[in-house]
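Work through the following exercises with the sequence and the model at hand. Each task is followed by a solution in steps.

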Amino acid sequence: MNSCGEMLSLSGKTALVTGASRGIGRAVAVMLAQHGAFVNINYIQSQEAASEALEMIISLGGQGRLVPFDVTSSDQVDSGVRDVLQECGTIDILVNNAGICRDGLLGRMKDTDWDAVLSHNLSAAFYTCRAVAKIMIRKRSGRIVNISSTAGESGNAGQANYSASKAGLIGLTKSLARELAPRNILVNAVAPGIIAGGMTQSLDEKQLDAIRTHVP
């Protein structure tokens with residue numbers, strides 16, 4: 001909405017949403033499409049779920065397409081962004097939502113679990129921001145939204161890797177906001193608490209209850 005409470009129109013805008021096959025990413029993609037944006041739905045493994053997201057967008061009168069590439073690979077990100085440019089001409093909106101969790105207590109956390117979470121949750125956002133910012137800088141316009149987490153602000157026991165990655169994403173957002181603001185590019189982070197669906201489906205009730213105790 002704008003300051004007058006009117007629904008914002010994104011007609012004619014092109015969006016790229018990473019990790020858009022499920023959860024928050026899917027909801028964001030659908031909402032952008034409902035507001036008129038053409039949405040590029042990124043995914044890497046869940047083609048069926050991504051197709052469902054696209055079908056949902058089309059059923060609501062929106063437009064979009066599937067764009068599969070691995071956000072943890074800088075080469076694949078650059079290739080994926082070029083693909084979007086070839087099909088759509090530009091990218092006006094980037095939403096970095098892709099992420100994973102590999103929870104465990106510090107003493108039991110494997111190097112591979114640490115590396116995987118930092119790669120998916122932080123490095124991936126850096127790669128996409130770097131690739132898309134070049135486009136936005138040339139046209140002096142753009143919007144980047146990074147999906148962080150309250151875990152990045154307060155930390156969660158058993159989530160050293162996840163909390164660190166989300167805290168890093170907040171720091172990345174603040175730095176890029178200062179760097180890109182002179183080019184009329186807004187960079188923001190959203191830090192949700194626990195959300196039903198998506199990654200939380202892997203948590204049991206005891207884990208969910210532990211998280212709820214921190215929610216006022």
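**Exercise 1.** In this predicted model, classify Cys88 as buried, partly exposed or exposed, do likewise for Cys129, and state how many disulfides the structure holds.

*Solution.* Step 1: the buried class lies under 20% relative accessible area and the exposed class over 50%. Step 2: Cys88 has a relative accessibility of 23%, so Cys88 is partly exposed. Step 3: Cys129 has 2%, and therefore counts as buried. Step 4: the number of disulfides in the structure is 0.

**Exercise 2.** Describe how the axes of helix α4 and helix α6 are arranged, and give the handedness of their crossing.

*Solution.* Step 1: α4 spans residues 111-139 and α6 spans residues 160-180. Step 2: their axes come within 8 Å and cross at roughly 15°. Step 3: angles under 35 degrees count as roughly parallel, and α4 and α6 are therefore roughly parallel to each other. Step 4: the crossing is right-handed. Step 5: the residues in contact include Trp114, Leu118, Phe126 and Cys129 of α4, and Tyr162, Lys166, Leu169 and Leu176 of α6. Step 6: sorted by class, this contact has 16 nonpolar, 4 polar and 2 charged residues.

**Exercise 3.** Locate Ser175 among the helices, decide whether Ser175 is buried, partly exposed or exposed, and find the C-alpha separation between Ser175 and Val187.

*Solution.* Step 1: Ser175 sits in helix α6. Step 2: its relative accessibility is 45%, so Ser175 counts as partly exposed. Step 3: Ser175 and Val187 are 12 residues apart along the chain, and their C-alpha atoms are separated by 9.1 Å.

Definitions and conventions:
Residues are numbered from 1 along each chain as its sequence is written. This is a predicted model: local features need pLDDT of at least 70, side-chain atom pairs count only at pLDDT 80 or more; totals for chains, interfaces and linings use all residues. Side-chain values use heavy atoms; hydrogens and water are left out. Axes are lines fitted to C-alpha atoms, for helices over the stretch in contact, and angles run from 0 to 180 degrees between N-to-C directions. Helices (H or I, at least four residues) and strands (E, at least two) are DSSP runs, numbered from the N terminus. Angles under 35 degrees count as roughly parallel, over 145 as roughly antiparallel, 65 to 115 as roughly perpendicular and the rest as oblique. A crossing is left-handed if the near helix is turned anticlockwise from the far one by less than a right angle, and right-handed if clockwise. Contact means heavy atoms within 4.5 Å. Ala, Val, Leu, Ile, Met, Phe, Trp, Tyr, Cys and Pro count as nonpolar, Asp, Glu, Lys and Arg as charged, and the others, Gly among them, as polar. A disulfide is a pair of cysteine sulfur atoms within 2.5 Å. Buried means under 20% relative accessible area, exposed over 50%, partly exposed in between (1.4 Å probe, protein chains only).
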